[in-house]
Amino acid sequence: MIADLQSKGNQAFTNSAIVIAELKDYHIDIYQSLKIPETKDFPVEDFFNVPFTHHIRIIEGTKDRLARYYYIHRVVEEKLQSRVLENLIKDDAYGHRDTMPSNFTQTIPDNKMARKAVMMFKDSYLLDFINVEQIGEREAIDVDERVVEQQIVQNVKQFIMTFGRDFAFIGNQYHLEVYGVEHFPDLLFFNRELNAMICFELKIGEFKTSYLGQLMSYLSILDAKVKKPHENPSIGIVLCKEANRDYVEFVIRDYSKPMGVATYTTTSDMPEQLRKALPDIEELKKLL
């Protein structure tokens, strides 16, 4: 196996003596553990660009075949150090790759409910019913949050179906007031499964930390003035066009209210070839 790897000429595998010593220290059978599977989805090129030490971490860290492929690819794509890779595996980055970055596990006391909240939301959504061109906007920069909000309100059924089951629409620009100061959250829903109000704040640009502070204020007022005694604390979601997942997870952890950040794309954001490949909505409805 080592001879095969060395024949690839990759610098990561040149020092085979050290590699063998490390493998023996970890009591790993390299001839079995590092055997290349004969499957179409195996990332061969990535595999030969991952140092042996990283392979050891992956083999020790997970038994799931697809999870190993995932970590192999991330090592190559992001040039990860061994310690960073260990932390990713420890935090189950593979298992959470499609979930929305949030602080639910820290802010929702009931573990079962926290898990439900984590599984309820994805990290990205396609809001294909929002078409900027149909609104008459010529330049994307002219489109503000209110335009997106109105499209969601007009297509609230599609929006709810996009996010999942058990959502009920309460209102948009919902009026809140405390000590004479008025606030107007963009969209307010109630989720029966979570038994909590879900407050969405829409942003057309990249994520900013100030959005969390704004959302925190809304949640505090909702819990103090609107929430029923039998309901769980309100949950806030920032829905924006772009977000650095790692940065969001870092800054959101110290907020005391349950919040998350998801991104969205619209049909107009898609490449032209992909848009043409999509079936016409009206024609699709006729077929259903």
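A residue counts as buried under 20% relative accessible area, as exposed over 50%, and as partly exposed in between. With that scale in hand, Glu 193 is partly exposed, because its relative accessibility is 26%. The model described here is a predicted one, and the paragraphs below walk through its charged pairs, its aromatic rings and a few further sites.

Glu 193 makes a good starting point for the charged side chains. Its partner in a salt bridge is Lys 116, with 3.1 Å between the closest N and O atoms. The two residues belong to distant parts of the chain, 77 residues apart: Lys 116 sits in helix H9 (residues 111-120), whereas Glu 193 sits in the loop between strand E5 (187-191) and strand E6 (196-202). Lys 116, like its partner, falls in the middle class, since its relative accessible area of 28% makes it partly exposed.

How many salt bridges does a search of the whole structure find? The search returns 7. Another of them joins the side chains of Arg 57 and Glu 86, at 3.7 Å from N to O. Here too distant parts of the chain are linked, with Arg 57 in helix H5 (residues 52-61) and Glu 86 in helix H7 (residues 82-90), 29 residues apart. The two ends of this bridge fall into separate accessibility classes. Arg 57 has a relative accessible area of 14% and is therefore buried, while Glu 86, at 40%, is partly exposed.

A further salt bridge brings together the side chains of Arg 245 and Asp 123, with an N to O distance of 3.8 Å. This pair spans 122 residues of sequence, from Asp 123 in the loop between H9 and strand E1 (124-127) to Arg 245 in helix H14 (residues 245-252). Both ends are partly exposed: Arg 245 has a relative accessibility of 24%, and Asp 123 has a relative accessible area of 25%. The pair does not stand alone, as Glu 249 joins Asp 123 and Arg 245 in a network of salt bridges.

The aromatic residues come next. The structure contains 10 aromatic pairs. In one of them, the ring centres of Phe 47 and Phe 48 are 5.4 Å apart and the planes stand at 90°, so the geometry is edge-to-face. Both partners are buried, Phe 47 with a relative accessible area of 4% and Phe 48 with 10%. Another pair is formed by Phe 169 and Phe 189, whose ring centres lie 5.2 Å apart; their planes meet at 55°, so this pair is tilted. Because Phe 169 lies in strand E2 (residues 167-172) and Phe 189 in strand E5, the contact ties together parts that are 20 residues apart in sequence. Which of these two rings is buried, and which is partly exposed? Phe 169 is partly exposed, at 31% relative accessibility, whereas Phe 189 is buried, at 1%. The pair also has wider company: Phe 169 and Phe 189 belong to one aromatic cluster together with Phe 104, Phe 121, Phe 167 and Phe 200.

Phe 167 of that cluster offers a handy reference point for Lys 157. The C-alpha atoms of these two residues are 9.6 Å apart, with their positions 10 residues apart along the chain. Lys 157 itself is part of helix H12 (residues 156-163). At a relative accessible area of 61%, Lys 157 is above the 50% limit and therefore exposed.

Strand E1 shows a clear pattern of its own. In a regular strand the side chains alternate between the two faces of the sheet. Along E1, Tyr 125 and Leu 127 point to one face and are buried, while Ser 124 and Leu 126 point to the other face and are not buried. E1 also pairs with strand E8 (residues 259-266), in the parallel sense and over 4 bridges. Within E8, Thr 265 is the bridge partner of Leu 126.

One last site is Asp 223, located in helix H13 (residues 209-226). Its relative accessible area is 15%, which is under the 20% limit, so Asp 223 is buried. Leaving aside residues up to four places away in sequence, Asp 223 touches Pro 233, Ser 234 and Lys 257.

Technical notes
Residues are numbered from 1 along each chain as its sequence is written. This is a predicted model: local features need pLDDT of at least 70, side-chain atom pairs count only at pLDDT 80 or more; totals for chains, interfaces and linings use all residues. Side-chain values use heavy atoms; hydrogens and water are left out. A salt bridge is a side-chain nitrogen of Lys or Arg within 4 Å of a carboxyl oxygen of Asp or Glu. Buried means under 20% relative accessible area, exposed over 50%, partly exposed in between (1.4 Å probe, protein chains only). Rings of Phe, Tyr and Trp (its six-membered ring) pair if their centres lie within 6.5 Å; planes under 30 degrees apart count as stacked, over 60 as edge-to-face and the rest as tilted. Two strands pair if DSSP finds at least two bridges between them. Contact means heavy atoms within 4.5 Å.
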